[in-house]
Each structure stands twice: as C-alpha cells, then as structure tokens.
Amino acid sequence: MTNFLPRPGSLARRSRPVAECALCTGSSLSTVSRSRIPSRLPKSYVRRYATVNDDDPKPDKNTKDAQVANRSSKDGEKKIADSASKIPGKPPPGFEETFDKNNRSSPLSAPSGGSEPDKHDTAKPPPGFAPMDEREMQVLDTIAQSVKKGLPQSQTKIIDDAIDMIKRGGVPNELREIMNEKMNNPNFKMDLATAAKLVRVFTKMSRMNVQQIMAHLEKEQNGKKEKDEGEPAFKQSYSQKGKGGQQKGPDPSKIRIGEFKLDTGTFLISAFLSYYLYRSLYPGESSRDITWQEFRTTFLDKGLVDKLTVINRNKVRVELHREAVANMYPESPAVRANFYYYFTIGSVEAFERRLDEAHQELGIPSSERIPVAYIDEVPLSAAFFSFGPTLLFVAALFYFSRRAASGAGGQSGIFGIGKSRAKRFNHETDIKTKFSDVAGMDEAKLEIMEFVSFLKDPTKYQSLGAKIPRGAILSGPPGTGKTLLAKATAGESGVPFYSVSGSEFVEMFVGVGPSRVRDLFSNARKNTPCIIFIDEIDAIGKSRAKQNFGGGNDERESTLNQILTEMDGFNTSEQVVVLAGTNRPDVLDKALMRPGRFDRHISIDRPTMDGRKQIFLVHLKKIVTSVNMDYLTGRLSALTPGFSGADIANCVNEAALIAARANATAVEMTHFEQAIERVIGGLEKKSLVLTPEEKKTVAYHEAGHAICGWFFKYADPLLKVSIIPRGQGALGYAQYLPAGGGDVYLMNVKQLMDRMAMTLGGRVSEELWFDTVTSGASDDFNKVTRMATAMVTEWGMSQKIGYLNYKDDEQRLHKPFSEETARNIDSEVRRIVDEAYKQCKDLLEEKKDQLQAVAEELLKKEMLVRDDLVRILGKRPFEDRGDFHKYFDNQEGKSAPPPPPTEGTEGAGPEIPAPAFRQHDVRG
Ligand SMILES: Nc1ncnc2c1ncn2[C@@H]1O[C@H](COP(=O)(O)OP(=O)(O)OP(=O)(O)O)[C@@H](O)[C@H]1O
C-alpha cells in the first residue's frame, strides 16, 4: 500500500483517474492523451474530477460504487488529500474498494452512470487484461524500477504513467507473463527481448486514457461482442473513436491513431531505445576488465583458465572452463556464454615471461600449459570509419544516378543510358487525333494518307510489286502542324506510335546516340506495324559536310550514320514507317533524303486564308460564342495573315481567357480581336508614360503612315492605329490589311514602291512637322532597305544590275560579284529608296492638313479605327478588293487586323512593312 502513497503530490495524480472511474465523468480534459500532458496533471485535475458538475452524468444511487463516487464528490479534493496524509498506508475514503486486495475486480469494474448494480460483480476486465493483487503490484513496481534505471527523466515519466494506468486498468497479458516469470523464478534475469517488450507495453499503456478502457469495458458488459474481441483493450478503444455521441469521449480528430502504427521509423527507434536500455541495465555484460593479479589469484591459481588469446599485442582475452566456474562461483557473470575477462599487457614478451613464471610457480608441466593464441582484431567502429566514406560515396552515386535517370524519363540508372527515350503511344488509349482534327494542308494529308493505307493493308501494294516509301520528312515553319499530322497518321492507321525528339539522342557520353537509335529501331521492329516520329531531326541530321567546317561533331555524325543504317536495314516486309519533322530542311544531310530512306519530302507551309478558316473552325468548336460562325471565321482569317496553326490555336484560347476575365457569358468578336492584337503586338504597356512631346511625335509619325496607306493605291489600307505603347519597344501600333484583303504571293514594282513610300511616311511626317527628327524610324529604314535590296539583287527590278540574282548567302565568305557591281547595287538601292521618299514627301505635303487632322484626333482619342479615318479623310479613293467589304465594312469600331508578318520562311514573298513607331536606345 505504501507504494501507492509515497507523497501527497502522487496521491493527487493517482486519485484523479480513480475518481474519474468512480464518477464516470466525461471530462473534456480527459480526451487529451496523458502522455502529452504529464506536467499539467496534478492539482487542477484533482479538483476537476473530485467535484460533480451539474451537467455530469449522475451515478446510480443504488450501487455501492456510485455511493463511493457520490461521497468523494461531496468531500472534494481537500478531503482526499487530508485523509491520505492523515492515515498513511490507507486509501482515502471512497477508494477502499479500488485498493482492496481481496477484491479481485479492477477499479475499472466500477459501473458507469446508469449501469445495473448486479453488473458490478460480474464485470470482467477487458480481454487481454487481468486485475492485480498486491503482490503483483509490488512485482510490477520492481520491474518498473529496474526498467527505469539508467533512463532519462522524460522516459521514467512515461513508465510511471503506464504503471499508474496498469494498476487501475489491469495488467495486459503480455506483461502478466513477464510478471509471472519474475514471481516464479527467483533468478529471473531480464534479457534484451524482455526489455524491448516492456518498453513497448509501457509506452502503449501510457498513451491510453481511462475513458478508452472504460468504454471497452462497458461494451463488454452489455454483451456486445465485436468481431475484434480478444484484441488488447487499447486497440479496441481506438476503434471506438468514431462512434461519437455514445459517450462523451475523446474528440476523434484529436486522437493520433498513427501513434500505434509500427512503421519502420518507430521500429528502429524502439529497437535502439531497447538496446540502449538493455545496455544501461547490464553494462559490460559480455566483458569485464581485470588486472594481472586478479587473473592470477582468481582464475589461474584455481585452474579455471581454458585458453588465453592475445589481441592486437596489447590485450589478453581470458577464456574459462565455464562449468568449473559455475561450480565455484555460481553468481559470476563468467558463467554465461560469450562472457570474457580481459586484461591489458605492456608487451607480448613481458606477458609471456610472467605467464612462464606463473606456470613454473604453479608447477604446471609444459604439456599442460595454458594455450596462448595471437590474433589481430579490427574494432567494429574502426572498420565502419574506414569503409564508411566509400560506402557513402557508392550510395550517393547510386542515388543520384537513379534520380537523374528518373528525371530524364525513368530509365534504370546509369545503366539505362543507352536505352531509347522514345515515348510509346498506344493507338487505343493515347492517340485520339484523326485527320479530321488537322485542318487545311490537304495536299500534305493526301501524301501521308498513303502511309496509312500501307500500314492498314500492305498486301494491296505488295501484290503489285510496289515498294512502300520508308519514311517522310515533314518540313515547315514552327507550329504549322507537323507533329499533329504525324499523330493523326498514327491515330488513323491504328498502330503504335513512337515519338522522340532529335535532341534526345544527344548525350555527353560517346556512343550513347547510336545506341539509342539501335534501341529505338529494335523496339519498333518488335512491334510492327508501327510509326516512329523523330521531331526536330535537324538536331542530329545536319549535313556532315557543313559540320566539318566548324570542326565537326563525331558523336552526332555517328548517330546520323546509325539512323541511315537502321533505315537501310528494314527489309521490305517490315511495316515500320519513319516520319521526321524539321524547321530546317535545307540543313539536312543529303543521304537522309535519298530514296529508300526519307523518300518523301512533305512541305507544310503557313496556312492560306482558306486554311486559316478551317483551322479556326477546328479550334472554335470548343469555344462558346454567339457570333455567326461563317462571318467569324472569315473575318478572323482575314485578320491573321501569316499566322501558323499554333498561333491560331493560341489566339482562340487567348480570346476565351479575355472573355472569362471580363465575366462574359460567350466569347465575342471584340475578345477575338483583342487576342489577335495581343498575339501580334504584345501586351499594352499602360505603365509606360510618354511626355506630351513624345506623344505628339508618335501621333504625327503614325498619322504619316496612315495618310500614305489611305491615298496610295497599292498600299495597305489602315484598320487601326493607336499610340498606346505595346510589346517590345513599340511606342505606337498600327494595323493594316494586306492590299487586296487576302494573302499576297506576288508583288509588282508599283506595289513595292507604294509600300516603301508608306513605310517612310512616319519619318517624312516628322520632318514636315518638327524641327528635328527622332530615332523611331530605324525599323522602317531596315524594311525599306531590305525591300529595295531584294528588288535590285533578287527580283531583277533594276535595269542597271540586270537580270541577276545575288542573293546574300551567310555561308559564303566572299561576295559573288565584283567591286563595281557592289557599287552599282548600292547606288541602285539608294535610287529606289530616294524615289520612294520623294513619292511619300509629295503626298504628305499635299495632304498636310489631313495629316494634321488625323494626328490631332489620334492625340485626343489615342486610338483610331477605319471609320474615324473615313470621317476625317472621306471614303478611300480606291476600290478594295477581295472579301474586304464582307468582313470589314459597316463594322463600327471592330476592325483590328494585324500588320502582315515580316518574319517568314525563305521565298515567302517580298518584305511587307509594318509601320509601327519603335523606341530605340540611342545612348552611347
Ligand atoms: N492544321 C492544323 N489544324 C489544327 N490545329 C493545328 C494545325 N496546325 C497546328 N495546329 C495547332 O498547333 C499546335 C502545334 O502544332 P504542332 O506541334 O504540330 O506544330 P509543329 O509544326 O510540330 O511545330 P514545331 O516545328 O515547332 O515542332 C497543335 O497542337 C494544334 O493545336
């Protein structure tokens, strides 16, 4: 009994759960795991549980336990503490039964409010638990004391809590076994496994609270057999957490179920803890150091030594006759197997001498002398430190190679580096693209359709003796739908599709490229029929002759050679089609293009007006809009000359985003136009504030362009001009519709001259209206020079130079013409530009008033559209061609066509001006 009442503080701590049991109070505090609040337990808890609140469930007056509870509630904490201190060794009033050694029922058997009196006697402890008598409690304390030895204070607290809980709730069977062993065997010794078991049990018990055990008990009493009956009580109590409302139990959200999970981390920590505990309980259990004298008197002189081992020339291990030792010293640890005594020696010679002397003194004949062995042992820690860095390095290497490989597509470490990175798409699940998703490019589709019908029905061709082309190169500007077409081919033919980019063959290791090519083709051969698509093939397929100029690249060359070999290696029956995409067909190696490899060259250009209409139709399908589809696609395609399929897809998506930002229910024409402006001109830079003087210059500059466009017959009619800065350095922004209202494929001299004159309109206007000029016309001059140079050197439009083509070739170091021709070219270019300048100046001088009117209106409104110009300048004096009227007339303030793109593929047509006023850095 004294064990339980060591000091008032302890009493207070222990009386709380007991009173809690007796009263069956559902305190909210009790929901907190005890292990988390040990320091908060003492005083306030006693008060809380010793007093019955109005809303607490009332105990049954008939039951003895209820009376106990009632009494204790009346007396309160003070009485409990007093009685405990006055009658040491006796339980406080109301707790007698809890500590009654004859009463085998656990304190947990106290019925909760409302339970029937007779249940008290029949109440059993939870399965897996058993109540304790006093002797058992003492044994438990002894075990706890030995476990606590050597543990830090925080750990001993947990064990105290667990013991407390066990005494109140009963002993789990696991613990009872150990206690029984201890009671029955006076020589009971704790081994490592037992220590670990004890730590586990104590930790679990310390985390339980009274309600959990009681809830389990109540359920047992009501005869509700759960399927998990027989599990330890703490397990079941957690499984009841979800049934809120039944009891005023713990808040499920606060219960940390994971605490009982035995994951790897927990396992390792508890294993370490157990070992530490075991070691601290039995320090030096497997060895002990002694002196030579001890060795001599205790063991050698008594004939107990079996063998001596000299370790590392400085230590001797004594191996004893275990049975003889057991007879002589039954208590000695040396009885145990694996226990050895050690003593240190100064030198082996001195040790041998002393041993010799001892043998002689003891009169041991030389034949029976104690055998001595000599060994060198490396301590475990030393071994760890010597191999540790190497192991660490190997582990790091392995780890990083795996990470790098998984980042690059999940190959198996450094060993998978030669494997192909091609992604395989399955026609059934991954490739849903069909030819109907590819708008326009009818000719390209027709060409490639042949591959599809070959893959679907090869016999049709083979029966006629025809050989099917091995592959096709799809070339064209970026975003024109090359990849889309290849995917559609796979989708239509219903075969596996391997997609890889040319750059994925290139790696810093030599030989990786060819190895990946081999792997790709061997995979493909295993899965025939199939399609391989190599995007951006120019990364590996560049002409070998050109590479050599800059020193060459052997790795790329051998990768290319491997591709050539593999494509040659297909036999005619293998249905593997290789498609490749590139933006630069001109740099490809000729060997790639020869018949038998990529026999077909399918060029995909930017879509025509009609093609754009169809592409818009494809992408508008997913968009919610109320605009008439025919009108919408027609107008949008007219507004977007030079757009690629990808640009169109982007525009449509951008329009939907703009509409969503404006909270519109459908995408309107204005949203599409804003999107187009944004794609062409970039974002409006409202933050860029120009000075009034700068603004005026920009307005007059743009007005100059606008007047030229309006009054030159072959210039582009203006649709919109603004002086709100946009995009990359453009201070003004103007949109024109290409002359003719559609795509322009041919330009005559008149058109070119008008266009050049219009491009110079900005600078000429500045000259007319200001006393100085600005740097803003530099981009205009660049365009004019390029146009004039092309007229002279490429298009045969200069009589002096004649019908020669001196197209500039960057690869060539020397110009292919004489100095005199160079001088003539210069003078002709100058003459043409001067003519354009004169043409522009004459017009702007003539229309000076109109120019001023347009510029002032622009300054006022910041943006003018076609209708404003009609109002200021009157109707344009020339007939507009094409579908212009259909889409742009009578559409107030809605026209917003872009300037035709100037950047284009070679041979795409003459330079087209985009007279936007640009900001230039003229410092230094
Ligand atoms: N003819 C088209 N019909 C419908 N959509 C198209 C068409 N052309 C391009 N697109 C759109 O543009 C996107 C990009 O096209 P794709 O990737 O095929 O271009 P690409 O020519 O392979 O470009 P790159 O040369 O840069 O690889 C497609 O996903 C599609 O949405």
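Me: How many aromatic pairs does the count come to here?

Reply: Twelve aromatic pairs. Keep in mind that this is a predicted model.

Me: What makes Trp292 and Phe343 an aromatic pair, and why is the pair called edge-to-face?

Reply: Two values settle that. The ring centres sit 5.7 Å apart, and the cut-off for a pair is within 6.5 Å, so Trp292 and Phe343 qualify. The planes make an angle of 70°; over 60 degrees counts as edge-to-face, so that's the label the pair gets.

Me: Why can you say that this pair ties together parts that are apart in sequence?

Reply: Because Trp292 belongs to helix α13 (residues 292-300) while Phe343 belongs to strand β6 (residues 340-344), the pair links parts that are 51 residues apart in sequence.

Me: OK, on to the ligand. How do you know that the backbone of Gly479 makes a polar contact with the ligand?

Reply: A backbone N or O atom of Gly479 is 3.0 Å from a ligand oxygen atom. The limit for a polar contact is 3.5 Å between N or O atoms, so Gly479 passes. Polar backbone atoms of two other residues also lie by a ligand oxygen: Thr480 at 3.2 Å and Gly481 at 3.1 Å. As for cover, the ligand taken alone exposes 630 Å², and the protein buries 78% of that.

Me: Which residues come nearest to the ligand, and which helices supply at least two residues of the shell?

Reply: The shell has 19 residues, and Ala439, Lys482, Thr483, Leu484 and His619 come nearest. The helices are α19 (482-493), α25 (609-620) and α27 (645-661). By domain, at least three shell residues come from domain 4 (417-603) and at least three from domain 5 (609-681). By type, the shell splits into eight nonpolar, seven polar and four charged residues.

Me: Where does Thr625 sit, and what does its side chain reach?

Reply: Thr625 is in the loop between α25 and α26 (629-639). Its side chain reaches the backbone nitrogen of Val627 at 3.2 Å and the backbone oxygen of Val667 at 2.6 Å. Both distances are within 3.5 Å, so both count as polar contacts.

Definitions and conventions: Residues are numbered from 1 along each chain as its sequence is written. This is a predicted model: local features need pLDDT of at least 70, side-chain atom pairs count only at pLDDT 80 or more; totals for chains, interfaces and linings use all residues. Side-chain values use heavy atoms; hydrogens and water are left out. A residue is near a molecule or strand if one of its heavy atoms lies within 4 Å of it. A polar contact is a pair of N or O atoms within 3.5 Å; within protein, one must be able to donate a hydrogen and the other to accept it, and residues adjacent in sequence count only if both atoms are side-chain atoms. Accessible areas come from the Shrake-Rupley method with a 1.4 Å probe; for residues, only the protein chains shown count as cover. Helices (H or I, at least four residues) and strands (E, at least two) are DSSP runs, numbered from the N terminus. Ala, Val, Leu, Ile, Met, Phe, Trp, Tyr, Cys and Pro count as nonpolar, Asp, Glu, Lys and Arg as charged, and the others, Gly among them, as polar. Domain bounds come from an automatic or database domain assignment. Rings of Phe, Tyr and Trp (its six-membered ring) pair if their centres lie within 6.5 Å; planes under 30 degrees apart count as stacked, over 60 as edge-to-face and the rest as tilted.
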